[in-house]
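Student: Please take a close look at one helix in this model and at what surrounds it. After that, go on to the rest of the chain as far as it helps to place that part.

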Amino acid sequence: MDDALKQHRDQIDAIDEQLLKLVNARAQHARDIGSLKGEGPIYRPEREAQVLRRLLALNQGPLSAEAVTAIFRGVMSNCRALEKQLSVAFLGPAGTYSEEAANKQFGGVSAPVLCNTIDDVFRMVESGKVDYGVVPVENSTEGAVGRTLDLLMSTQLRICGEVTLPIHHNLLTNTATREQVTTVYAHAQSLAQCHAWLNQHLPNAQRQAVSSNAEGARLAASEAGAAAIASRRAAELFTLNVLAESIEDDPKNTTRFLVLATHDVAPSGQDKTSLLLATRNIPGAIVDLLAPLALHGVSMSKLESRPSRNGLWEYVFFVDVEGHCQDAALASALQEIGQRASLVKVLGSYPLAVA
Ligand SMILES: C=C(O[C@@H]1C=C(C(=O)O)C=C[C@H]1O)C(=O)O
């Protein structure tokens with residue numbers, strides 16, 4: 001037994017030596033690539049998505065797809081840092097799902113900037129104080145994040161990536177039993193995502209919406225009878241017990257985040273384009289507006305309407321379509337849409353989220 005263990009550990013030591021040499025050789029290439037980029041952006045989401053997709057296709061296990069992407073995102077993050085340390089803004093405080101999403105996308109963020117509001121995240125990127133921003137845009141249970149859509153209407157920023165994050169909520173508290181919980185703090189979206197669970201298990205507790213789940217966890221840590229709905233990381237950060245886990249009503253509950261940049265992204269081969277469209281408010285106008293997509297074989301993955309904010313009952317449409325705006329089919333469709341719409345704004349073409 002001891003002998004067998006030693007043999008495996010000797011093998012691991014030998015493999016680690018090779019891995020160390022290999023990752024350093026990789027890092028050297030990344031550093032050299034950095035000096036070839038000149039004034040262009042260091043972060044290339046399309047290339048990172050291609051690297052991950054290729055490795056996922058090659059992976060034969062036993063490591064899972066999630067493990068492989070997590071490891072290689074970490075490797076790329078450290079290689080990239082030799083070219084430049086990137087600063088990334090997102091909604092704080094520490095422990096938010098936005099932080100998790102930023103860490104997932106960038107393989108760990110070396111210079112995080114925690115903001116109080118989604119507006120601040122946009123402002124930080126717009127003013128050049130940070131390189132990138134990460135904002136939530138929609139949840140599979142609760143739908144669109146209205147504030148993000150409203151800010152996308154007026155910003156000059158581009159969407160350069162999307163991150164999907166499975167969201168598992170936990171009931172965190174230092175109260176001993178569920179019966180003693182009198183108040184539940186969480187972001188309004190999270191309260192809504194756990195609506196049925198709360199009705200069933202905590203029917204008498206007062207639900208109090210706060211600015212973020214992490215803020216709720218902070219409050220719960222200092223108040224007798226209080227609990228919060230938040231992530232496991234928030235439980236660690238605020239020293240709270242997990243009284244119940246996975247309390248979201250839909251086990252597939254997922255939030256989609258956008259990565260905001262000041263630059264465009266080249267095609268990766270599997271891309272999505274987000275558009276903002278407006279048309280005159282007449283019967284059939286939206287059908288007419290979208291017809292060129294079908295004509296050119298472009299699939300639509302999302303259609304969301306939002307008040308335009310410059311006329312009563314006037315709407316704009318957020319449309320996600322498959323492909324990159326440089327792809328021939330989408331480029332032709334966009335040109336035709338442009339002739340019918342009162343507004344066409346390409347918010348960005350970016351690689352489809354990698355698991
Ligand atoms: C090395 C590069 O720079 C960055 C790091 C990458 C990597 O480590 O594979 C990939 C894309 C860029 O974000 C590159 O552009 O190829």
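Tutor: In this predicted model, helix H9, residues 213–221, is largely enclosed by the rest of the structure, because seven of its nine residues are buried. The buried ones are Asn213, Ala214, Glu215, Gly216, Ala217, Arg218 and Ala220. A residue is counted as buried when 20 or more other C-beta atoms lie within 10 Å of its own. The cover over these residues includes three strands, S6 (170–173), S7 (183–186) and S9 (226–230). It also includes two helices, H7 (188–193) and H10 (232–237).

For the wider setting, the domain assignment gives domain 1 (15–162), domain 2 (170–244) and domain 3 (271–351). Between domain 2 and domain 3, the C-alpha centres are 40 Å apart.

Next, the cores. In soluble globular proteins, nonpolar side chains tend to be buried together. The largest nonpolar core here has 54 residues, and the members touching the most others are Val88, Ala89, Val121, Val125, Val134, Val259 and Leu260. At least three residues of this core come from domain 1 and at least three from domain 3. A second core, separate from it, has 24 residues, among them Val184, Ala234, Leu243 and Ile247. Leu260, from the largest core, has contacts beyond four places in sequence with Phe122, Val125, Tyr132, Gly133, Val135, Leu157 and Ile159.

After H10 the backbone has a residue to check. Thr239, in the loop between H10 and strand S10 (241–244), has a positive phi of about 45° without being a glycine. With 10 other C-beta atoms within 10 Å, Thr239 is exposed. Ser246 is found in the loop between S10 and strand S11 (254–261), and its phi is also positive, near 45°. Ser246 is exposed, with 12 other C-beta atoms within 10 Å. Most residues other than glycine have a negative phi, and most peptide bonds are trans.

Strand S11 contains Thr254, which counts as partly exposed because it has 15 C-beta neighbours inside 10 Å. Leaving out residues up to four places away in sequence, Thr254 touches Ser140, Thr164, Leu165, Pro166 and Ile167. Its C-alpha atom is 17 Å from that of Leu91, and the two residues are 163 apart along the chain.

Two peptide bonds are cis. One runs from Gly61 to Pro62, with omega near 10°, and Pro62 sits in the loop between helices H2 and H3. The other joins Gly92 and Pro93, with omega about 0°; Pro93 is in the loop between strand S1 (87–91) and helix H4 (97–106).

The helices on either side of Pro62 also pack on each other. Two packed helices are described by the angle between their axes and the distance between the axes. For H2 (residues 45–58) and H3 (residues 65–83) the angle is about 140° and the axes are 10 Å apart. Their crossing is right-handed. H2 contributes Glu48, Val51, Leu52, Leu55 and Leu56 to the contact, while H3 contributes Ala65, Val68, Thr69, Phe72 and Met76. By type, the contact residues divide into eight nonpolar, one polar and one charged.

Terms used
Residues numbered from 1 in each chain as written. Predicted model: local features only at pLDDT ≥ 70, side-chain atom pairs only at ≥ 80, totals over all residues. Core = buried A, V, L, I, M, F, W, Y, C linked by C-beta atoms within 7 Å. Domains from an automatic or database assignment. Contact = placed C-beta atoms within 7 Å. Helix = DSSP H or I, 4+ residues; strand = E, 2+ residues; numbered from the N terminus. Axes fitted to C-alpha atoms, helices over the stretch in contact; angles between N-to-C directions. Left-handed = near helix turned anticlockwise from the far one by under 90°. Nonpolar A, V, L, I, M, F, W, Y, C, P; charged D, E, K, R; others polar.
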